Amino acid sequence: MNLKNTDFLKSILLLLFSALLFSCVEEEIREVTLYDKPHTEASASRTDIKFGETVDFKSTSFKHLTTTWTFAGGSPASSVNPDATVVYNNPGTYDAKLVIKYIDNTIETKLFKIIVKGIDPPLPYGGTAVIIPGTIEAENYNLGGEGIAYHDTEEQNLAVLNGSPRYRTDDGVDVQMGNNINNISYTQAGEWSNYTITVPATGIYDFDFRVASGDASGGKSIKLQLVNPNTGVATDLGQTGNFQNTGSYNTYISKNVTGINLTEGQNTFRVLFTGSNTNLDKINIKVSVPAPPIDGVGIFTEKDIVSSNPGIAPPPNGGNMAITIVTTNTNHGTKALWYHFDPAGNGSPQNGFALSHMDLTVSPYNATAYNNLNVAVKSSTPKKVRIRLNTNSGNYWVTLNPGNPAYGMLWDGQWHELTIPFSQILRDGNGAALSTVPAAKSSIKQFTIRTDDSDYSIVPNSFDYYIDDIYFTPN
């Protein structure tokens with residue numbers, strides 16, 4: 001065979017081998033599907049918020065069987081939905097945890113740390129809190145402005161608009177400067193100012209509010225509140241009660257809120273004005289000391305009093321009222337009286353009125369030495385009620401009227417200690433004063449609570465009054 005034939009044969013063999021090779025490779029090709037592993041994916045819209053704000057949580061986890069969120073400190077506290085919106089109402093640092101269970105029963109978790117900030121720390125006027133015992137000047141309320149340090153119903157300082165020099169440049173509170181006294185004036189219901197003090201030791205303290213009013217109707221009660229330093233939420237501690245005209249807006253008297261528990265360290269309190277016509281000069285704060293015995297005679301009281309002529313308690317029902325001795329939320333001590341309107345179940349139904357007589361142990365009682373009836377009253381029922389003394393010479397009473405509050409009474413569900421002069425307790429509510437009728441003053445037989453004829457209701461449960469600390473005093 002010649003060389004040309006040999007080369008030709010080699011070419012044919014090479015072509016056959018290549019065809020066979022490609023045929024084998026094609027037969028070995030297979031389709032392969034890759035397996036995607038389950039995985040946890042989640043997000044939080046933010047992790048640093050202020051209290052009261054919300055966070056949106058979202059889970060996009062793959063091949064999950066169950067989804068479980070838990071939100072410590074949040075609302076809702078948990079969810080089984082992939083997406084959840086959670087509100088955080090209290091400052092602090094909280095864990096938000098996602099637990100994913102997959103179809104192969106494996107479990108994975110993802111954790112978010114949520115930081116919830118409170119309000120900015122209170123900043124006292126001048127930068128330093130007053131150490132108590134001490135005096136807070138009303139015009140030296142905290143720094144921070146409207147909604148933080150104070151709330152005023154108008155932007156202008158009305159005292160400045162009416163001729164007063166300006167006391168501070170950041171004021172919206174109506175601060176009035178006088179020759180000897182700087183004070184908060186032109187007050188309206190709902191206005192308030194905050195003050196921060198340093199308490200050296202946990203204990204009980206008394207607050208002496210120096211107030212004035214030149215209005216014919218007198219001044220309105222001031223509430224004392226404790227402010228949560230993290231949230232700004234205010235809690236009632238007590239209030240001064242309304243007070244009569246002091247003679248002028250520059251004639252100041254003391255109205256006290258006593259027995260206030262304060263903890264060691266910084267405390268921020270709020271002065272909340274419940275109405276108009278009240279000037280506030282300052283607040284004197286001192287350690288509470290045991291009060292001396294009251295110079296008077298107790299009818300129903302656990303206060304330390306010079307003498308007593310206790311009434312029969314609970315008083316017998318005289319018509320449509322159920323009377324019970326209660327032992328919680330009393331004004332003082334461990335007992336108070338609850339007068340509840342119950343025309344069907346009181347045991348002595350009457351038409352047109354509800355009343356109860358408390359008979360005195362020594363009756364008739366000679367109250368010639370005394371000039372005031374003192375009684376603590378609590379109610380949230382805006383119904384007129386008569387406070388009455390029955391004597392051998394007729395019945396004498398005053399009417400507590402929600403439409404014209406007097407003697408420091410408010411229908412706000414809080415205790416109010418009323419001092420009612422005998423000169424304003426009148427025969428049948430409109431006749432001679434008890435103080436001017438010796439025969440009546442020397443023959444008191446009963447203390448009575450009675451509905452007023454003009455405000456009587458036949459609806460059950462429409463009348464609730466609590467009474468405590470009934471006593472007479474000379475001054």
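# A report on a predicted chain

N140 sits in the loop that runs between strand β10 (134-137) and strand β11 (150-151), and it belongs to a model that is predicted. Is N140 buried, partly exposed or exposed? With a relative accessibility of 23%, N140 counts as partly exposed, because only values under 20% are called buried and only those over 50% are called exposed. When its neighbours within four places in sequence are left aside, N140 is in contact with Y125, Y167, R168 and Y195. Another residue to look at alongside it is N182, which is 42 residues apart from N140 along the chain, while the C-alpha atoms of the two are separated by 9.7 Å.

## The chain as a whole

The secondary structure of the chain comes to three helices and 32 strands. Why is the chain described as more spread out than a compact globule? Its radius of gyration is 38 Å, and this is well over the 23 Å that the globule rule gives for 475 residues, so the chain is more spread out than such a globule would be. The C-alpha trace can also be described along its principal axes, where it spans about 165 × 65 × 40 Å. Of the 475 residues of the chain, 41% count as buried. If one takes the contacts in the chain with a separation of 6 or more, residues 24 or more positions apart account for 71% of them.

## Nonpolar cores

In soluble globular proteins, nonpolar side chains tend to be buried together. In this model the largest nonpolar core holds 41 residues, and the members that touch the most other members are F422, I425, F447, I467, I470 and F472. Which strand gives the most to this core? Strand β32, made of residues 464-473, does so with four residues. I467 is a useful residue to follow in the viewer: not counting residues up to four places away in sequence, I467 touches F300, A336, L337, Y339, V375, A376, V377, W415, F447 and I449. There is also a second, separate core of 28 residues, and I132, A138, F209 and I260 are included in it.

## Cavities and a pocket

Rolling a probe the size of a water molecule over the atoms shows where empty space is left. The structure holds two cavities of 30 Å³ or more, and the table sets them beside the second largest pocket.

| Space | Volume | Lining by class |
|---|---|---|
| Largest cavity | about 50 Å³ | three nonpolar, three polar and three charged residues |
| Second largest cavity | about 40 Å³ | four nonpolar, two polar and two charged residues |
| Second largest pocket | about 410 Å³ | 11 nonpolar, seven polar and four charged residues |

Which residues line the largest cavity? Its lining is made of F341, K383, K384, T451, D455, Y456, S457, S462 and F463. The second largest cavity is lined instead by H151, D152, V173, I184, E191, W192, S193 and F273.

The second largest pocket has a lining of 22 residues, and those that lie nearest its centre are I119, D120, P121, G147 and I148. Strands β14 (192-199) and β19 (265-273) are the elements that give two or more residues to the lining of this pocket.

## Backbone details in the loops

Most residues other than glycine have a negative phi, and most peptide bonds are trans. Several places in this model depart from that pattern, and they can be taken one by one.

The peptide bond from S75 to P76 is cis, with omega near 5°, and P76 is found in the loop between β4 (64-71) and β5 (78-79). A cis peptide bond also joins S363 and P364, where omega is about -5°, and P364 is found in the loop between β25 (355-359) and β26 (372-378).

Y407 is not a glycine, yet its phi is positive, near 65°, and Y407 lies in the loop between β28 (394-400) and β29 (416-421). For D428, phi is near 55°, which is again a positive value in a residue other than glycine. D428 lies in the loop between β30 (426-427) and helix α3 (438-441). How exposed is D428, and what is its relative accessible area? D428 is partly exposed, with a relative accessible area of 40%.

Definitions and conventions: Residues numbered from 1 in each chain as written. Predicted model: local features only at pLDDT ≥ 70, side-chain atom pairs only at ≥ 80, totals over all residues. Heavy atoms only, no water. 1 Å grid on protein atoms, 1.4 Å probe; cavity = no way out; pocket = protein on both sides within 12 Å on 5 of 7 lines; lining within 4 Å. Points joined across faces, edges and corners; volume = space filled by probe spheres on them. Nonpolar A, V, L, I, M, F, W, Y, C, P; charged D, E, K, R; others polar. Core = buried A, V, L, I, M, F, W, Y, C linked by side-chain atoms within 4.5 Å. Buried < 20%, exposed > 50% of the residue type's maximum accessible area, 1.4 Å probe, protein only. Contact = heavy atoms within 4.5 Å. Rg over C-alpha atoms; globule rule 2.2 N^0.38 Å.
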